[in-house]
Amino acid sequence: MAEHPAYPVGLRLAGRRVVVLGGGQVAQRRLPALIAAGADILLVSPEATPSVEAMADAGEIVWERRPYADGDLADAWYALIATSDPEANTRASAEGEAHRVWCVRSDDADAATAWTPATGHSEGVTVAVLTTDARGRDPRHTAAVRDAVVEGLRDGTLVAPHHRTRTPGVALVGGGPGDPDLITVRGRRLLAEADVVIADRLGPRDLLAELPPHVEVIDAAKIPYGRFMAQEAINNALIEHARKGRSVVRLKGGDPYVFGRGMEELQALAEAGIPCTVVPGISSSISVPGAAGIPVTHRGVAHEFTVVSGHVAPDDERSLVDWPALARLTGTLVVLMGVDKIGKIAETLVAHGRSPDTPVALVQEGTTAAQRRVDATLATVAETVRAEDVRPPAVIVIGEVVGVGPRTTE
Ligand SMILES: C[S@@+](CC[C@H](N)C(=O)[O-])C[C@H]1O[C@@H](n2cnc3c(N)ncnc32)[C@H](O)[C@@H]1O
C-alpha cells in the first residue's frame, strides 16, 4: 500500500458518524477540525484531556467513557484510532478494514488506510499537504510546506490572484502603529492585491517599499486639495481611483475608527456608491504603551482606561472632552495627539483633583526603530516635554500603570 502515493480527497463529514478512539493529545489536536466539519463524533476512551472533556461538556462530541470494544466502528464513515494500547489499535484497524471504514492510525502510519494532511486555511481555501509515502514520512516537513504556503498567501509573498472574489472598491485598512509586522493578515493581503495605495504618514510605511512596481502609492498628505479641505480631497481621490475599476487601499495608522476619520471616508464612499470594506488595525492607544512596557490596565492598579484626543486644549471651546470628569477617574488616561497641549492638560487634571505626582509616560514613535520613552509626572510633564524635545507622534499615558512594569526601552 505504501508504495503508492495517497489519493488526496476532501471528506464532507457533516452529520456523518466519525469515531475517535482515545482521548489524548492526538484527539485533542484533531477534534476541532472534525467538529468544524460538522461530523457526528463519538469518542470512545476511558480518559480524556481537559480540553477534550470540555468539548464533550459543550455537546460538541459524545463521549463514552470506556475502552474500545469490537463493533464500535460499525456505523462510522471515518475513524481516528489513537488509543495508548497498540493491541486495541490493531483490533480497531482490522474492524475498520472489515467494514470499509477509512482509518487514521496515530501509532502506525503504514497500517493506516488514511492519513491526515497538515492543513491550514487562507481566505476561502484549505491548504492540505500530504507526504507521498509512509516510509518517507516527515511530519515536520509537511507542516513546514503547509506553513510556507499559508503564510505566503496571507502576507502576499505568494501571489494567487482571486479571479472571482477580488475585493472591489476601496479597503480602509488599519495598518497598526508602525511596525510592519503589526498589520493584520487581512490588511496585508489586501495591500498585496491593491492597484493603488493611499497612505498616511503614520502607520507601517515599510510595507509600501515591498509593493510591486505597478502599484501606485499616493501620500495622503501630498494630495493637492485646492479649494477642498484635505479630507475631502482624500475622499475624492479614493472615489476617483475606485471609479476607474482599480482596487484601492486606504492605509491608515492604527485603527481606522480611532481618531482616524475612517467613518467619514466610508460615508463619502457610500454616497458615491463605491463598495468599501473596513479592516480593523491595532491602535497605537494600546499597542504603543505596551511596546514601551506599560499595560493600560493592571490588576489592583487600574480597572479602566480612557483614550482621549488632546488635539485641542481643555479650555478650547471646540473641546468635546469633559476633563474635570477625567480628573476624577482613578484609572489610566491615554492621550493621543496631545504633545503640544500636554501642559494645559496636566494643569487641568491637577486643578480638578488628580495628584501632581501622578506618573506620566510619553512614548514617541512607538513600535518603530526610533521608539523613545520619556517619563515625568503631571507636575513636571510640560517642562520635561520641552527639555527632552518630545515630538509627535507620541502616546501619552497618565496613571499608576506607568510604574508597574520593568523599563523595556529608553
Ligand atoms: C490621528 S491619530 C490616529 C490614531 C490611530 N488611528 C490609532 O488607532 O492609533 C494620530 C495619533 O496617534 C498616536 N500615534 C499613532 N501612531 C503612533 C506611534 N507609532 N507612536 C506614538 N504615537 C502614535 C499619536 O498620538 C498621533 O498623534
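This tour moves through a predicted model, from the whole chain to its domains, the ligand shell and a few single residues.

**The whole chain**

Begin with the entire protein chain in cartoon view, where twelve helices and 17 strands are assigned. Along the principal axes, the C-alpha atoms fill a box of roughly 85 × 55 × 35 Å, and the radius of gyration is 28 Å, against a value near 22 Å for a compact globule of 410 residues. If you colour by burial, 36% of the 410 residues count as buried. Among contacts with a sequence separation of 6 or more, 65% link residues that are 24 or more positions apart.

**The domains**

Next, colour the chain by its domain assignment, which gives domain 1 (17-116), domain 2 (170-279) and domain 3 (285-403). The centres of domain 1 and domain 2, taken over C-alpha atoms, are separated by 49 Å. Then select residues 170-381, where an unreviewed UniProt entry places the feature "domain: Tetrapyrrole methylase"; over this range the chain is 29% helix and 21% strand, and the end C-alpha atoms lie 41 Å apart.

**A stop in helix H1**

Select Ala27, which has its place in helix H1 (residues 25-36). Ala27 has 25 other C-beta atoms within 10 Å and is therefore buried. Leaving out residues up to four places away in sequence, Ala27 touches Val20, Gly22, Leu43, Val52, Leu80 and Ala82. For a sense of distance, select Val129 as well: Ala27 and Val129 are 102 residues apart in sequence and 19 Å apart in space, C-alpha to C-alpha.

**The annotated active site**

Now select Asp200 and Lys222, the residues covered by the UniProt annotation "active site", which comes from an unreviewed entry. They span 23 residues in sequence, yet no two of their C-alpha atoms are more than 9.6 Å apart, so they gather at one spot.

Asp200 is found in the loop between strand S9 (196-199) and helix H6 (206-209), and counts as partly exposed because it has 18 C-beta neighbours inside 10 Å. Beyond its neighbours within four places in sequence, Asp200 is in contact with Ala220, Leu251, Lys252 and Gly253. Lys222 lies in the loop between strand S10 (216-219) and helix H7 (230-243), and with 8 C-beta neighbours inside 10 Å, Lys222 counts as exposed.

**The shell around the ligand**

Move to the ligand and display the 24 residues around it, of which Gly254, Val258, Ser283, Ser284 and Gly366 come nearest. Two elements give two or more residues to this shell, namely helix H9 (284-291) and strand S17 (394-398), with H9 giving the most, three residues. By class, the shell holds twelve nonpolar, ten polar and two charged residues. Because domain 2 (170-279) and domain 3 (285-403) both give residues to the shell, the ligand lies between them.

**Helix H9**

Keep H9 selected and hide the ligand. Seven of the eight residues of H9 are buried, so this helix is largely enclosed by the rest of the structure. The buried residues are Ser284, Ser285, Ile286, Ser287, Val288, Pro289 and Ala291, and they pack against strand S13 (305-309), S14, strand S15 (359-364) and S17. Following H9 is Gly293, whose phi is positive, near 85°.

**Backbone geometry**

The last stops concern backbone angles, for which it helps to recall that most residues other than glycine have a negative phi, and that most peptide bonds are trans.

Select Arg261, a residue other than glycine with a positive phi, near 60°, in the loop between strand S11 (248-252) and helix H8 (262-271). Arg261 has 15 other C-beta atoms within 10 Å and is therefore partly exposed. Met337 likewise has a positive phi, near 55°, and is found in the loop between strand S14 (332-336) and helix H11 (342-351); with 17 other C-beta atoms within 10 Å, Met337 is partly exposed.

Finish at Pro392 and Pro393, which are joined by a cis peptide bond with omega about 0°. Pro393 lies in the loop between helix H12 (381-388) and S17, and S17 is one of the elements that give two or more residues to the shell around the ligand.

Technical notes:
Residues numbered from 1 in each chain as written. Predicted model: local features only at pLDDT ≥ 70, side-chain atom pairs only at ≥ 80, totals over all residues. Near = placed C-beta within 6 Å. Helix = DSSP H or I, 4+ residues; strand = E, 2+ residues; numbered from the N terminus. Nonpolar A, V, L, I, M, F, W, Y, C, P; charged D, E, K, R; others polar. Domains from an automatic or database assignment. Buried ≥ 20, exposed ≤ 12 C-beta atoms within 10 Å, placed from the backbone. Rg over C-alpha atoms; globule rule 2.2 N^0.38 Å. Contact = placed C-beta atoms within 7 Å. UniProt positions renumbered as here; feature names shortened; annotations may be inferred.
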